Each structure stands twice: as C-alpha cells, then as structure tokens.
Amino acid sequence: GWDNRNFKECYCKRSRFKMTEISKTLAETCDRLFSNLINNDVLRETELAVWPDPIWQKIEENGLTFAMVNENHGGSGIKWIDCFQIIYWSGYYSVPVPLVETMVSSWFLSQHNQAPPKGVITFFCDGKPLDLIESNNSYKISGVIESVPWGASADYVLAEAYNSNKQVYVLLDAKKSKNVKDKNISGESRDSMTFDKESPLIVIDVSDAFRSNSLLVYAALARSVQMSGGISAILDNCINYSREREQFGQPIAKFQAIQHQLAILAAEAAAAKIASQIACRAADLIDVSSGLEFEVATAKIRAGESAGLAASIGHQVHGAIGFTDEYSLHYITRRLWSWRSEYGSESYWARRMGKEVIAGGADNLWADITDRL
C-alpha cells in the first residue's frame with residue numbers, strides 16, 4: 001500500500017538538505033499555525049473580498065513577515081533556505097493573505113539598508129514600471145500598475161520606476177492610490193493601482209547586485225516555493241482520498257492505475273521541492289548579478305511544469321468531487337494554475353535561461369550545467 005509518510009521520510013533522507021533547528025521550528029510552527037487558521041470557509045470568504053484580518057494578525061504576532069529582515073531593522077535575520085519552510089507551508093495551506101509578498105518586500109528593503117515598515121506590503125514587478133519624475137533631488141511617481149497582489153488591502157507597495165536616465169525601486173503609500181479591484185483565477189486579489197505624482201516613502205537606486213529586474217527574480221523564487229507546497233498538498237489529498245474512496249469493493253488506492261499516477265505525482269512533488277530548495281540556498285550565497293537568475297529560472301520552470309501535471313493528476317484521481325465548492329482540492333489547483341504564470345511562465349524563464357547559456361558560449365556549457373551550487 002502507498003504510504004505518504006514513508007515517501008516523505010525516504011525523500012528527506014535522500015535530499016541533500018539537512019533541516020536545521022531553525023527550519024524544523026519554522027516547519028512545525030507554520031504547519032500548526034496555518035492548519036488551525038485556514039479552512040474552506042476562510043478561503044471561500046476571501047474569494048468574496050473579505051480581508052481575513054484575524055489571520056494576518058496571527059501571522060504578524062508570530063514574526064513571520066519580518067523573518068528575513070536584518071536584526072538591526074527589527075527582524076530575525078533568517079536565511080532564505082530556512083524561510084523556505086514559511087513560504088512552502090503558506091503554499092501548502094493556500095494562505096489567503098500577502099504573507100510572501102510582505103516577507104520578500106521587507107527583506108528587499110532591509111538588504112538596501114532601509115527599515116521596512118510594519119503592515120501589509122505588496123510588490124509589483126511583472127509589467128510596465130511606474131513613471132519617475134526627478135526634479136531638484138526630489139521624486140514624483142505616476143502611472144498604473146496592474147494585477148498587484150492584494151493591492152487594495154495593502155498598506156504599502158514596492159515597485160520599480162524609471163525614466164530615460166534613472167531606474168529606482170520605490171516604496172509607496174498604497175492608500176494614496178486609486179484602485180480597481182480584480183482577481184486571478186484562484187480568487188486571490190489582483191488589483192489595479194493608479195498613482196498620480198505621489199512622493200515615494202523610500203527610494204532605492206538600482207545597484208549592480210540588485211539590477212533592474214532583481215525583484216522579479218526573488219518574486220519568481222517565492223512563487224516557486226509556494227507552488228512546491230501546493231503540489232505536496234495535492235499529493236497528500238490524493239493519497240488520503242484514494243484510501244477512503246472505494247470502488248468495486250476496495251479502496252481505489254489498491255488499483256495499479258491509481259498507484260502509477262500517485263507515483264508520478266510524488267516524483268513531481270519531490271522535483272519541485274528540491275529545485276526550489278536549491279534556488280533558496282543559492283539566494284543566500286549569490287545575488288542576481290552573480291548568477292542567481294539561473295537557479296531561480298530552473299526552479300520556476302520545474303515547479304511550473306510540476307504544478308500543471310499535479311493539478312491534472314489530482315483532479316483525475318478525485319473525479320467530479322474535486323471540482324465541487326465544498327471540497328478543498330480546487331482551492332489548491334486554481335492557485336497553482338495562477339502562480340505558474342505569475343512572475344514569468346516556464347517559457348519566459350526558459351528563454352532567459354537560454355540566452356544566458358548562449359552568452360556563456362559552447363565551451364562553458366558543461367560547466368554551467370554541472371558546476372552549480
């Protein structure tokens with residue numbers, strides 16, 4: 001019989017990553033916290049544009065939003081590879097708040113020696129940047145940014161702005177924008193925000209280490225980790241359901257065809273998880289200008305491909321019940337369908353990776369493949 005617990009133990013033993021005490025603590029904390037906070041009723045309400053303030057308060061109380069922020073800026077200074085657990089479990093439980101966006105934005109500000117503010121911070125890095133107007137050493141920001149995660153509920157938004165001579169990242173007061181509410185296919189808030197000559201709260205010059213597309217790279221990394229969590233959730237749902245659902249007098253988990261699909265799904269879950277873990281470890285060791293983009297591209301491509309296959313297998317195993325409103329599977333699969341296209345689809349990152357490999361030349365191809373972190 002199929003045993004998900006045995007699979008997980010086998011995977012952990014064979015993985016090159018040994019969980020630190022911090023990772024173990026974060027995994028246990030997030031698993032317990034999110035399992036207590038998130039259920040189908042909560043997810044259904046958030047899709048009706050109800051902001052789950054009690055969930056957000058609990059997340060902030062546990063210090064998760066500032067987990068990666070430097071200690072001198074009031075955070076815990078935890079590395080990406082350890083904070084993998086926070087992002088992974090947020091994807092596993094489909095946490096319906098911008099926890100990941102706030103974590104990454106706060107970390108990004110801290111890395112530029114800026115103390116991030118308390119509250120909900122979202123970011124925009126997947127489209128046309130805002131317009132930057134510079135005059136007498138002061139800045140004004142104008143323009144429209146679309147599909148901003150929880151833009152209408154955010155306190156602040158971190159976005160890229162530029163003119164012909166300068167590129168910067170700016171932190172803006174989200175409450176000073178004009179919003180048009182919208183959603184992605186999963187029902188998550190993806191709003192349009194309009195700024196008209198607003199003064200930014202923080203201005204960050206684009207450096208060599210954090211070049212113009214660096215926020216996109218870290219956003220793609222976070223989405224990859226979230227997807228790996230969602231894929232694992234589908235695996236667990238399928239295993240539990242196949243043990244309970246009986247056909248022809250026995251659980252469908254006994255059927256070879258179902259076992260074959262579960263084996264494929266388990267392999268995809270492991271592949272997505274290890275790829276995103278490698279990218280998180282790389283994020284602790286190198287920056288975008290030093291080659292991080294390659295690891296992130298690999299993780300986003302692998303997680304995206306796995307997400308598509310996992311959603312397909314998940315609904316095949318569950319049959320019609322997987323699409324019903326009362327059942328939890330569709331909350332996961334709809335998010336995976338949305339996340340795989342956000343911050344660069346598989347084809348987008350494959351093109352970027354291909355250009356990087358070509359630029360390195362044929363003589364360096366083997367080293368580029370084998371001599372990674």
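**View A. Ala-49, in a loop of the predicted model, is an exposed residue.** Ala-49 has a relative accessible area of 54%, which is over the 50% limit, so the residue counts as exposed. Its place is in the loop between helix 3 (40-46) and helix 4. The phi of Ala-49 is positive, at about 70°, although the residue is not a glycine.

**View B. Lys-197 in strand 7 also has a positive phi.** For Lys-197 phi is near 55°, and this residue too is other than glycine. Lys-197 is found in strand 7, which covers residues 190-198. With a relative accessible area of 55%, Lys-197 is exposed.

**View C. Strand 7 pairs with strand 3 and with strand 6.** Strand 3 (residues 138-149) and strand 7 run antiparallel and are joined by 6 bridges. Within this pairing, Arg-190 in strand 7 stands opposite Pro-149. Strand 6 (residues 178-180) is also antiparallel to strand 7, with 3 bridges between the two. Here Lys-178 has Thr-194 in strand 7 as its bridge partner.

**View D. Strand 4 is largely enclosed by the rest of the structure.** Strand 4 consists of residues 156-162. Of its 7 residues, 6 are buried, and the strand is therefore largely enclosed. Strand 1 (residues 121-124) pairs with strand 4 in the parallel sense, over 4 bridges. Thr-122 stands opposite Val-157 of strand 4. Strand 2 (residues 130-135) is likewise parallel to strand 4, and this pairing has 2 bridges. In strand 4, Ala-161 is the residue opposite Leu-130. In a regular strand, side chains alternate between the two faces of the sheet.

**View E. Strand 4 and strand 5 form a hairpin.** Between the two strands of the hairpin lie 4 residues. Strand 5 (residues 167-173) runs antiparallel to strand 4, and 7 bridges join them. Tyr-162 has its bridge partner, Gln-167, in strand 5.

**View F. Helix 5 and helix 8 cross at roughly 135°.** The axes of helix 5 and helix 8 (residues 256-285) come within 8 Å of each other. At this angle, helix 5 is oblique to helix 8. The crossing of the two helices is right-handed. On the helix 5 side, the contact involves Trp-80, Ile-81, Phe-84 and Tyr-88. These residues meet a set in helix 8 made up of Lys-273, Ser-276, Gln-277, Cys-280, Arg-281, Ala-283 and Asp-284.

**View G. His-73 is a buried residue in a loop.** The loop that holds His-73 runs between helix 4 (53-61) and helix 5. His-73 has a relative accessibility of 15%, which is under the 20% limit, so it counts as buried. Leaving aside residues up to four places away in sequence, His-73 touches Phe-66, Ser-110, Asn-113, Gln-114, Ala-115 and Pro-116.

**View H. Ser-338 is a buried residue in helix 10.** Helix 10 covers residues 329-339 and includes Ser-338. Ser-338 counts as buried because its relative accessibility is 5%. Beyond residues up to four places away in sequence, Ser-338 touches Asn-184, Ile-185 and Ser-186. Ala-67 is 271 residues from Ser-338 along the chain, and the C-alpha atoms of these two residues are 26 Å apart.

**View I. The predicted confidence differs between helix 1 and helix 5.** Among the elements of the protein, helix 1 (residues 4-14) has the lowest mean pLDDT, 42. Helix 5 (residues 80-92) has the highest mean, 98. Over residues 1-15 the pLDDT stays under 50. For this stretch the model has 21 contacts beyond four places in sequence. Where pLDDT is low, the predicted coordinates should not be read in detail. The protein as a whole averages a pLDDT of 91, and 93% of its residues score at least 70.

Conventions: Residues are numbered from 1 along each chain as its sequence is written. This is a predicted model: local features need pLDDT of at least 70, side-chain atom pairs count only at pLDDT 80 or more; totals for chains, interfaces and linings use all residues. Side-chain values use heavy atoms; hydrogens and water are left out. pLDDT is the predictor's confidence in each residue, from 0 to 100. Contact means heavy atoms within 4.5 Å. Buried means under 20% relative accessible area, exposed over 50%, partly exposed in between (1.4 Å probe, protein chains only). Two strands pair if DSSP finds at least two bridges between them. Axes are lines fitted to C-alpha atoms, for helices over the stretch in contact, and angles run from 0 to 180 degrees between N-to-C directions. Angles under 35 degrees count as roughly parallel, over 145 as roughly antiparallel, 65 to 115 as roughly perpendicular and the rest as oblique. A crossing is left-handed if the near helix is turned anticlockwise from the far one by less than a right angle, and right-handed if clockwise.
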